[in-house]
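Subject: Structure handover

Hello,

Please find the structure below. My notes on it follow.

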Amino acid sequence: MGQVVLHFEKHGKPIGGSLGHHIDRTEGMEYSYQHADLTRTHLNKVYQFNEYCKMKYNEAIHKRIEEGYTSQKSIRRDATYSVNVMLSGSHEEMKAIEADPTKLEEWIKQNANWCIRHFGKENIIRFNVHLDEKTPHIHCAFVPITKDGRLSAKDFIGSSIKLQDLQTSYAKAMEKFGLERGIKSDRKHQTTDEYRRREAQKLTTAEELHKKIDSIGKSNLLFGLENLKKDLKAGINQAILNNAEVYEKREIEQAKFFREVKQSFKEFDRAFELREPLKTKYIANNKVNEIINQSNLIDYFLYLADKGFINFEKKSGKEFLFTNENQTQKISVSEKGWHDLKSGEGGQIIKAIQKYQKLDWLEAVNWLNEFNTGLSTNFTKIREKTALERQNLEDGKFQITQVAKPSTGKLINYFRERGISSQTLREYTKQIHYQVGQNHYYGIGYQNVKGGYEIRNPFAKTKFGTSDVTELGNPQAKKMAVCEGMTDTLSMIEILKAKGRDLNDYKFVCLNSVTNVSKFIERYQNESSQMFFCLDGDSAGNEATKKLLEQFPQAQDVRDSFGIHEQGYKDLNEHLKDILFNREKRQKIETPKPPQKGYGFRR
């Protein structure tokens, strides 16, 4: 059996935010979770037991103390304001638990019940499961408020006996997962001198150092001068380290600010380029009211999402929530109006059009009139089909919340880097938004023939519903190109485009997995069209191709035409990317240098 891991960290009055950033995986604060695998961060789980769990980390600590601390005594300067508990186990056992979703959920639930029982549900400000580090673990942070309203970590973890009892209790709760208690610790008690040195390190600001200096009296000079020197040196060293950390954080924030400013200029340029020419004309007041009453504010923001200006996030109640690429805007939109929750800006539809289309008032009214008579119809359908966020959706359950044209820059760039154009994405795929548990995601995907969804984004490949093949292109075509995955299918389309082939001559079938070979055979056993198989070059692709050719002997395995085999390209997309890379490289080499103008010293 493996061993349980139960570790406690006590923290004083919250000043910095590195622990909160680490637990919450705050975007832009990656320095606080350097050991995390960012491609797996989306797998992390966040559980909210109360309102404090929804607040920012430091704010939650202060709010819990404000509402729960009822003692008449003022809080000591060296008091423990929060305790971070890390719950885990031996690496091999934890990876085995993670590999079984049902067992993982049961392990998390058992940990949650244990923490609530020992620390109090109302005291817990964070319960986050990290699956993006080497060993899965849980961070449970709580504020040590006692039942009688005192702030006392001692009542929870204050003695060696209590800590031993907690270790024993936790091990007993984890027995069913193959984890047991470790050997009891032989840790030594901290000396008074060591305690004084640690406490002196809390002198982190100039004000605290000044107070310490002002408190020096004759007794210090006569009996404790050496200890006083040690205290002040430790405090000064810690203050220097803190200043360095603050400076480093400030540099990171400034770099982030300049990136956001640069992105804002790009957005403005793009909006100006896309600005539609208008023939501005006078409109009577009664006509203006009629135009506004015929419009729908939500449809306009869905139009902006379709253009790629903003991203649709979710529908919550009567509100549609949108963000932009760099998360500097978080916009709530309903029939009553729009409101940017970050900047505080908001209003009605005319103000929104003025902001995003870069128009004056009269131009905005004319633009809206044109929008009402044509463009808005498509977005009305999307609005009506957008699913409401389900607050009670169980973990592991899913629902599709919106299906629209691909528009998000990150997704389009992700596929562009793989040689797939935005035009191909818009013609053959959809941008699919979905909810899993209480979390919202989106990616590029399509439906298969059984109505299930195949979705891909930079972080994961996701399947919902029954797995089966997907059909694209002209269903009446006499030629059929069969590929293994979504990116390979789209790569085949790009390659045929580049060769000047008429895509109406082809229908494209994506297996979505080699496990669907038998379903393909059953579905197309009487197919008369000419088949071309282009699966992956690994052993699984070889075995699947062999089964297909046995069933369809007239078909062709075209992988050799693209150099796909175990010693060559692994799949069609790798072949496409290599072609594009070599083309770009060749273009750079062949591009002539501009002629020299001869500007120099005159004789």
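One salt bridge to look at joins the side chains of Asp155 and Arg150, with 2.7 Å from N to O. Please keep in mind that this is a predicted model. Asp155 has a relative accessibility of 35%, so it counts as partly exposed. Arg150 is also partly exposed, because its relative accessibility is 32%.

In total, the structure contains 22 salt bridges. As background, side chains of opposite charge can pair when their charged atoms come close.

Another of these bridges links Glu454 to Lys463, again side chain to side chain, at 2.7 Å from N to O. Here the partners fall into separate classes. Glu454 has a relative accessible area of 6%, so it is buried. Lys463 stands at 41% relative accessibility and therefore counts as partly exposed.

Asp557 and Arg559 also form a salt bridge through their side chains, at 3.1 Å from N to O. In this case the acidic residue, Asp557, is partly exposed at 31% relative accessibility. Arg559 is the buried partner, because its relative accessible area is 9%. Salt bridges with shared partners also connect Arg25, Asp132 and Glu133 into one network.

Next, the charged surface. Lys56, Lys256, Lys330 and Lys342 make up a positive surface patch. Of this group, Lys342 can be placed in the loop that runs between β10 (337-340) and β11 (346-347). Is Lys342 buried or exposed? Lys342 counts as exposed, because its relative accessibility is 52% and the cut-off for exposed is over 50%.

Now the aromatic residues. The count of aromatic pairs comes to 29. One of them is the pair of Phe49 and Phe127, which is tilted, with 5.2 Å centre to centre and 40° between the planes. Where do the two rings sit in the chain? Phe49 belongs to the loop between β2 (45-46) and α2 (57-68), while Phe127 is part of strand β4 (residues 124-130). The pair therefore ties together parts that lie 78 residues apart in sequence. Both Phe49 and Phe127 are buried.

There is also a cluster held together by ring pairs. Its members are Tyr300, Phe301, Tyr303, Phe312, Phe320, Phe322, Trp338, Tyr356, Trp367 and Phe371.

Last, two points on the backbone. Gln327 has a phi near 60°, which is a positive value in a residue other than glycine. Gln327 sits in the loop between β8 (319-323) and β9 (330-334). With a relative accessible area of 31%, Gln327 is partly exposed.

Lys358 likewise has a positive phi, near 60°, and is a residue other than glycine. The loop that holds Lys358 runs between α13 (349-357) and α14 (361-373). Lys358 is partly exposed, because its relative accessible area is 32%.

If you want a place to start, you could open the view at the bridge between Asp155 and Arg150, then turn to the tilted pair of Phe49 and Phe127. The lysine patch, which includes Lys342, and the loop that holds Gln327 could follow.

Regards

Conventions:
Residues are numbered from 1 along each chain as its sequence is written. This is a predicted model: local features need pLDDT of at least 70, side-chain atom pairs count only at pLDDT 80 or more; totals for chains, interfaces and linings use all residues. Side-chain values use heavy atoms; hydrogens and water are left out. Patches are made of residues with over 30% relative accessible area and no salt bridge: like charges are joined within 9 Å, nonpolar side chains (Val, Leu, Ile, Met, Phe, Trp, Tyr) within 5 Å. Accessible areas come from the Shrake-Rupley method with a 1.4 Å probe; for residues, only the protein chains shown count as cover. A salt bridge is a side-chain nitrogen of Lys or Arg within 4 Å of a carboxyl oxygen of Asp or Glu. Lys and Arg count as positive and Asp and Glu as negative; His and the chain ends are not counted. The place of a charge is taken as NZ of Lys, CZ of Arg, CG of Asp or CD of Glu. Helices (H or I, at least four residues) and strands (E, at least two) are DSSP runs, numbered from the N terminus. Buried means under 20% relative accessible area, exposed over 50%, partly exposed in between (1.4 Å probe, protein chains only). Rings of Phe, Tyr and Trp (its six-membered ring) pair if their centres lie within 6.5 Å; planes under 30 degrees apart count as stacked, over 60 as edge-to-face and the rest as tilted.
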